[in-house]
Amino acid sequence: MSELVTARIRATAGKLGLPHLAEALAGHLDRADGAKMGYLDFLDLILEEELAVREERRLHHALRASKMPHHKTVDDYDFSYQPELDPRKIKDLAALAFVEGKANAALLGPPGVGKTHLAVALAVAACRAGYSVYFTTLDDMVRQLKAADAIGRLATKLRTYLRPHVLVLDEVGYLPLARDEANLVFQTISKRYEKGAIVLTSNKAFSEWGSVFGDEVLATAILDRLLHHCEVIAINGPSYRLKNRLAAVGTAVKTATA
Ligand code: ADP
Ligand code: MG
């Protein structure tokens, strides 16, 4: 193929927003030559690859924008360590019908059982499926909203938490909230109600939310909206963080008593 035509294809691909095609053209031509590809297969190859590259790029940006602390998946989770947790429940959630239905998922349990891991895993699955995701701890969200409110920009800041298809609210209930703070949480939850999915994690049972939010009535109003459409997963096993340490302690004890 003449230099002139390849140069023109590169330029046109660039204008069409297909930078990968512009870069990979020589490689594509070699492959097509090597495989004695027909026109149809060649076009198919180019379009498929362009789509895959674009999808990879989209996912990369979406994951970065989500502010997730890591990108662990359901496959990275060792269900054998939490025998009371039914893997089917998590796999059902990972099929994302709840996201489509603008419903919620709550992961409850003590520290180290993998609540954040699984919340992230669901959010990563949502990202892959093309949904937008935003990850925050509850305390950080409250801090951000308070700061915005103080300078008259609450409505703008709220959009950060209202716009994404999936909002991950991590660590609900770690610190008790003041009344004005609890009110900001109520505003966020009630505005997302039936409009967008929430995945939350908490080390507190719902019955303790009154003391977390400093007000039974407000806590009930929050829970009312949150739980109307919500899959609740309780994980009540041992902490994975202590797994190796406990095993080490066990060995030490055995050695000492042997
Ligand atoms: P939590 O949010 O419940 O306190 P995390 O999700 O932060 O717990 O889990 C603590 C660490 O242990 C993370 O690195 C997480 O990936 C890992 N982890 C927890 N449970 C499991 C598990 N069952 N299989 C694999 N890794 C796990
Ligand atoms: Mg956590």
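Here are a few friendly notes on the two largest pockets and one histidine of this predicted model.

1. First, the ground rules. In this predicted model local features need pLDDT of at least 70 and side-chain atom pairs count only at pLDDT 80 or more, while totals for chains, interfaces and linings use all residues. Residues are numbered from 1 along each chain as its sequence is written, and side-chain values use heavy atoms, with hydrogens and water left out.

2. The largest pocket holds about 430 Å³ of space. Twenty residues line this pocket, and G112, V113, G114, K115 and H117 are the closest to its centre. A pocket here is an open set of points on a 1 Å grid over the protein atoms alone, where a 1.4 Å probe fits, with protein on both sides within 12 Å along at least five of seven lines; lining residues have an atom within 4 Å of a point.

3. Helix α6 (115-128) and strand β3 (166-172) each give at least two residues to that lining, and α6 has the largest share with three. By type, the lining has six nonpolar, seven polar and seven charged residues; Gly counts as polar.

4. The second largest pocket has about 180 Å³ of space. Its lining consists of A62, A65, S132, V133, Y134, R159, T160, R163 and P164. Two or more of these come from each of α3 (39-66), β2 (133-137) and α8 (154-162).

5. H28 sits in helix α2 (residues 19-34). H28 is buried, at 2% relative accessible area (buried means under 20%, with a 1.4 Å probe and protein chains only). Leaving out residues up to four places away in sequence, H28 touches H20, L21, F42, L45, I46 and E49 (contact means heavy atoms within 4.5 Å).

Notes:
Chains lettered and ligands numbered in written order. Points joined across faces, edges and corners; volume = space filled by probe spheres on them. Helix = DSSP H or I, 4+ residues; strand = E, 2+ residues; numbered from the N terminus. Buried < 20%, exposed > 50% of the residue type's maximum accessible area, 1.4 Å probe, protein only.
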